[in-house]
Amino acid sequence: MHIVVCAKQILDPETPASAFRIEGDRVVPAPGIAPVLSQFDAIAAEAALRVKEARPVGDRITVLSLGESGAAAIKQVLAMGADEGVLLQDAAFEDGDSHGTALALAAAIRKLGDVDLVVCGRQAADWDQGQVGLLIAESLDWPIVTVAQSVEAISDADLRVRRVLDDGFETVEVGLPAVVTVSNELGAPRYPRLPQLMAAAKKSVAAWSAADLGLATGDVGAAGARLRLARLARPTHESQVEMLTGTAEEQAAALVARLRADGVL
Amino acid sequence: MNDRPTAAPRPPRVLGAWWGAAVGVSGLGLVSAFEASARGATREVFFNVEAPWSVYACLAALLGLLTYGLVRHAALWRLGRPAPEVWRDLPSRLRNALRLGLGQQRLGRDRYAGVMHACISSSIVVLTLVTIQVAIEADTPFHPLHGAYYLFFSFYGDLFGLVGLVGVSMAVWRRYFIEQPPRVRWDERIEDHLIIAGLGLVLLTGFLLESARIEVTELSQHPDWAPWSFVGYALARFVRVFAFEPHQLLAFHGAIWWVHLALAFSWLGLIVFTKLDHLLFAPVNAFLLRTDSPGRLALIDFENRPDDEAPFGVGHIQDFTWKQLFELDACVRCGRCTSVCPANIAGQPLSPMAIIQDLKSHLASTGPAIAEHRHEVGGIGRDAVNVQMVGGVIEDESLWACRTCGACMQECPVLIEHVPTIVDMRRFLVMDEARIPATAQAALENLESRGHPWRGTTLERTTWMQGLEDVPMFDGTQEYLYWVGCAGSLVERNLPVTRAVFRLLRESGASFGVLGQEETCSGDPARRLGNEYLYQALAQQLVATFAAKGVQRVITNCPHCFNTFKNEYPQFEGRFEVLHHTEFLERALRDGSLRAVHAVEEAVTYHDSCYLGRMNGQYEAPRAIIEMVPGANLVEMQRNLSRGLCCGAGGGNMWLEERGGQRVNHVRSAEAIATGASQVISNCPFCIQMFEDGTTAVQAAGAERMRPFDVAELLERSVFGAPVAE
């Protein structure tokens, strides 16, 4: 089985809001704050590794990432245990939206040829749009199972996936090839073992351009974007304190009245 | 409650004093022996003994046995990796072998045990010398045992026999009658009883033998010589009361000679089979003791690895160095390490003694198979045995419970270094197996991607500067770099400490600057948690930053950064003068550049952080500052100075969940509260966080909460009069 993991390097979501600026339609982090692998994509890698480890030896995992900073994401997933990495790198990909990204990733998956399963995070932890996995499936015309809590190959051609619902779980089976997006309920991604980390640092990662993928520059990147950013703003948090007076009973009654008035109760 | 020490703590002198007294008494004996008219005084060696050669037969057997034992042990030690460092710095090593090994300096930390052990060991040494002189007298052309020296010889022989009996009695009293301290019973084995009983019997039969001889010979023939063997003489006088026939006494003497001989050699034979081997191994282990700082962990050379298959940490017994294997054999199961271990005190699953003993028996049981496998198949033989060491013989949770506080190493009388051994096994867990508790893994991931160990901090490295004017950035022109550290800048509670140090530095007129956003973690948490690879990446990056900035002198907020900069960065050629803020502030107070003018009327207690105190020996500077604050009254805790108890956060336990028992910071907070002081003063951002939590949890309801403060916060109040405006 050949599994593809899609991984994205993002602005560190742990960065305190005070540590970045907004310039036009860009978020500029403070110096010294390095981008990180999107947590959901690390979980996607974990899901792929679990599928591989539960099966006879011979499966391969390829990690795909798009954009220059994706090289670090690929290294990290390789360190976790993936076999190969491909970086989709081209000036034409810059400033693309989910659609362009999915188009490029799907083209890469087609180019790889023998892919049985694509695993993505349920959403990237920066913009939280959750579109890319779905659009890859659409582009490949494969079935997709979203928000997985566990992924298990029941044969070479079938997958059993437990999905997270609002009020419980749902187990579905799907024929391969397919796309699966995973959620944090799957569990924490593994810590890389050092021998793998060192081997990953030495592995060469293929770089494919838009031309390699047979994509026209107008379809991807800023040129192919279907999403238009209207406004970007830093969230502001305001707090106002109002002291209630009177006896405990009066305070409680006043509190209830205020909470009702504000629609909290 | 201890009174405040007036001077820097010194190693205990109990044992030195003991030898002084012993030599003094012997000297008096020598002088009086020469004063006495003793012309011709001597005795027949092997009096009434039919087969004196049997002594040599026993000796030969003993030597054979000892050789056999040593060869067997050495075969196990040789399984370990090389330890080239033990041949460096020989003068310090010889000094350690003399002071800590033969001089038994560490034993004095438990006074009773120190006196007991000094009695027993000095008795064994002197009586062995006595026996050797008898052999020389009997079987060489030299005859030392004549005249005044014979009388003196008789005197000190008896003196040290008696001293030995005093020691044995103290041991018996402690082990069987008061059963204190409990540690003597933690891992008690039959051999422990044999050793005490055997030695007691050897000494007693020696005296019986002597008294029978004196009764039959000297008491009648040379009554003026006899009293020099004062114990034997007194016994002989007592025996005389019963008016035995000489032939009865001779028969008794002959019989007891054999018993004494058999007991003495059997007892010495225990060296091969029991913990009595510490008699040989402890002084050697003192020689092998590291001569650099205990705060420094060994460097792994990732570039030049001995073999590519080698694990990075120690997961198999043969991946320890031979020095680490050797020290397993030096352990006498005394339990001192475990009795001072913070995790153990709190009831958590760690006993340093059990770790050493478990590794020792693992080595003994698997070593021969490994050696055979190496002989037949070659290689390291990691597959030779099917017993999992880390995760099996030694449980993961024991390794994680260690605070690396060094209390065990400080106490060990045979100089075992537990902490590096524990960290080596952690390295295996983290780097080779990636088997890490989730919270520690999160801390390591944060260190790697964010350069600090905290997840979800809302602060920045410059937040503490808000409200302070003109915080100078370090650019190489200033004398000192003030190193704030992650805890000092990213943890809310520690910001006032950072501001206090900053204000005091500025007030003192020091030339200094800070790095602000350019600070990254020193790497200490990664190293203590076992990720040496990550540590080296962080440390090398910082060494390069310091070199680029021209940093010569550093003042740190945190004793952990302090220890790493001072003791560990030289491993990467990062050499600069490193001061903990308390060291700088004490100096500034002494030279008058800071003046503590406002009174702070508080009873305070002081908590020694492990990495400023035990690991770096700095107990005095913080205490001196507290003393110079008018009004502050220092009340010491029971466990203080080199016996100080860890706050619980050390060794990466800031980021580990505590398992089993109490929380260490609750135990320590209770100890601080028991002093009755209103504040607990420390020098470490982690200690302060632990006390904030601990005092809240432990304090009796209704009582005013004891507040933890840094030394700098206390001094700030005294220098400026009020806390900095928030």
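Four strands of chain B line up as an open sheet in the order β6-β5-β7-β8, and their pairing is parallel. Two of these strands, β6 (633-634) and β8 (707-710) of chain B, stand at the edges with a single partner strand each, so one side of each has no neighbour in the sheet. Please keep in mind as you look around that this is a predicted model.

Let us follow one of those edges. Strand β5 of chain B, residues 603-606, pairs with β6(B) in the parallel sense, and two bridges make up this pairing. To find the place on your screen, look for A603(B), which stands opposite N633(B) in β6(B).

Now zoom out to the whole of chain B. It has 28 helices and eight strands, and its C-alpha trace spans about 100 × 70 × 50 Å along the principal axes. How many of its 726 residues count as buried? The share is 59%, where buried means under 20% relative accessible area. The contacts tell you about the path of the chain too: among those in chain B with a separation of 6 or more, 80% are between residues 24 or more positions apart.

What does the outside of chain B look like? Its accessible surface comes to about 30000 Å², and carbon and sulfur atoms account for 58% of that. As for charge, chain B carries 63 positive and 77 negative side chains, and the centres of these two sets lie 2 Å apart.

Next, turn to chain A and pick out strand β6, residues 60-66. Why can we call this strand largely enclosed by the rest of the structure? Five of its seven residues are buried, which is the reason for that description.

Two pairings involve this strand. Strand β1 of chain A, residues 2-6, runs parallel to β6(A), and five bridges join the two. Here I3(A) stands opposite I61(A) in β6(A). Strand β7 of chain A, residues 84-88, also runs parallel to β6(A), again with five bridges between them. In this pairing V63(A) faces a partner across the strands: V63(A) stands opposite G85(A) in β7(A). While you look along these strands, a general point may help: in a regular strand, side chains alternate between the two faces of the sheet.

Finally, trace the path that links two of these strands. β6(A), helix α2 (residues 70-80) of chain A and β7(A) together make a β-α-β unit, and this unit is right-handed.

Note on methods. Residues numbered from 1 in each chain as written. Chains lettered and ligands numbered in written order. Heavy atoms only, no water. Buried < 20%, exposed > 50% of the residue type's maximum accessible area, 1.4 Å probe, protein only. Pairing = 2+ DSSP bridges. Right-handed = clockwise from strand over helix to strand, strands pointing away. Contact = heavy atoms within 4.5 Å. Areas by Shrake-Rupley, 256 points an atom, 1.4 Å probe, with all protein chains shown as cover. Lys, Arg positive; Asp, Glu negative; His and termini not counted. Charge placed at Lys NZ, Arg CZ, Asp CG, Glu CD.
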